[in-house]
Amino acid sequence: ELMGALKQYPHRYIGFGAVPAGLELKPTLQYVAENIQNNHLAGMGEFTPGSGQIHLLKNVFKASQEFCSLPIWIHAFFPLTFQDIKDISELARDYPETPVILGHLGGSNWLETVALVKEVSNLYLDTSAYYSTFVLASIINEVPEKCFFGVDHPFGDLQISKNTILQFAKTPAIANAVLGENIARLLKIM
């Protein structure tokens with residue numbers, strides 16, 4: 001389905017692709033070559049490990065490094081705990097050229113996650129599935145250069161999510177950065 005949508009609308013969509021976590025390095029590299037690189041996908045994810053399973057992503061981080069630092073998008077809401085998010089941040093520190101996008105603003109651990117995002121230069125946040133406009137507004141205005149717009153469709157609504165960013169961003173520049181400029185810069189699609 002993903003590849004069909006990308007082929008049908010190549011000027012509208014840029015895809016990230018799934019990669020199995022927990023494989024040995026050689027099969028991970030082979031999988032990324034065949035399924036991500038050969039399909040011209042821009043990144044890897046969404047990864048949805050269980051709590052205590054972040055170590056299974058180590059070879060994905062190594063593969064990112066091998067394939068020109070492909071961005072990695074990781075689900076960072078339940079069931080992950082703040083310890084899991086800290087483990088992700090340690091992998092991000094170990095692979096500083098790899099952009100790591102934490103989905104859902106870190107979930108219920110948003111406050112601690114923002115502190116990590118400020119510390120780790122290659123750690124970013126995705127705005128999908130925010131559960132409070134207070135949280136969303138706080139984060140996009142505190143670290144606007146580290147936030148990417150996202151919608152957790154079908155659970156979230158594209159227009160409502162966009163309008164919420166526009167309403168709660170303190171400036172049009174912040175709204176523009178979150179709504180597209182940041183991810184365009186990261187993916188070099190300007």
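1. Let me start with the lining of the second largest pocket, which divides into 7 nonpolar, 1 polar and 2 charged residues. The residues in question are A42, C68, S69, L70, P71, E97, P99, L186, L187 and K188. The volume of this pocket is about 180 Å³. Please keep in mind throughout that the model is predicted.

2. Next comes the largest pocket, which holds about 1300 Å³ of space. Its lining is made up of 31 residues, and those closest to the centre are Y13, I14, F149, G150 and V151. Two or more lining residues come from each of α1 (2-8), β2, α7 and α8. Among the contributors, α8 provides the largest share, with 5 residues. By character, the lining of the largest pocket divides into 18 nonpolar, 8 polar and 5 charged residues.

3. Helix α6, residues 133-142, deserves a look of its own. Which of its residues are buried? They are V135, L136, A137, I139, I140 and N141; you may like to note that N141 is on that list alongside V135 and L136. The cover over the buried residues of α6 includes the helices α5 (110-119), α7 (158-168) and α8 (172-186), and the strands β5 (123-126) and β6 (147-148) are also part of it.

4. The start of α6 has a side-chain to backbone contact that is easy to find on screen. Here a side-chain oxygen of S132 comes within 3.1 Å of the backbone nitrogen of F134.

5. Two peptide bonds should be checked by eye, since most peptide bonds are trans. One of them joins F78 and P79: this bond is cis, with omega about 15 degrees. P79 sits in the loop that runs between β3 (72-74) and α4 (82-94). The other cis bond leads from H153 to P154, and its omega is near 15 degrees. P154 belongs to the loop between β6 and α7.

6. G50 ties in with the first of those cis sites. This glycine is found in the loop between β2 (43-47) and α3 (58-66). What does G50 touch, leaving aside its neighbours within four places in sequence? The contacts are P79 and L80, and P79 is the proline of the cis bond with F78. As for D152, its C-alpha atom is separated from that of G50 by 19 Å, with the two positions 102 residues apart along the chain.

7. Finally, a word on backbone angles. Most residues other than glycine have a negative phi, so positive values are good places to pause. H40 is one such place, with phi near 55 degrees, in the loop between α2 (25-37) and β2. Is H40 buried or exposed? Its relative accessibility is 72%, so H40 counts as exposed.

8. A129 also has a positive phi, near 60 degrees. Its place is in the loop between β5 and α6. A129 has a relative accessibility of 28%, and therefore counts as partly exposed.

Methods
Residues are numbered from 1 along each chain as its sequence is written. This is a predicted model: local features need pLDDT of at least 70, side-chain atom pairs count only at pLDDT 80 or more; totals for chains, interfaces and linings use all residues. Side-chain values use heavy atoms; hydrogens and water are left out. Helices (H or I, at least four residues) and strands (E, at least two) are DSSP runs, numbered from the N terminus. Contact means heavy atoms within 4.5 Å. Buried means under 20% relative accessible area, exposed over 50%, partly exposed in between (1.4 Å probe, protein chains only). A polar contact is a pair of N or O atoms within 3.5 Å; within protein, one must be able to donate a hydrogen and the other to accept it, and residues adjacent in sequence count only if both atoms are side-chain atoms. On a 1 Å grid over the protein atoms alone, a cavity is a set of points where a 1.4 Å probe fits but cannot get out, and a pocket is an open set with protein on both sides within 12 Å along at least five of seven lines; lining residues have an atom within 4 Å of a point. Grid points are joined across faces, edges and corners, and a volume is the space filled by probe spheres set on the points. Ala, Val, Leu, Ile, Met, Phe, Trp, Tyr, Cys and Pro count as nonpolar, Asp, Glu, Lys and Arg as charged, and the others, Gly among them, as polar.
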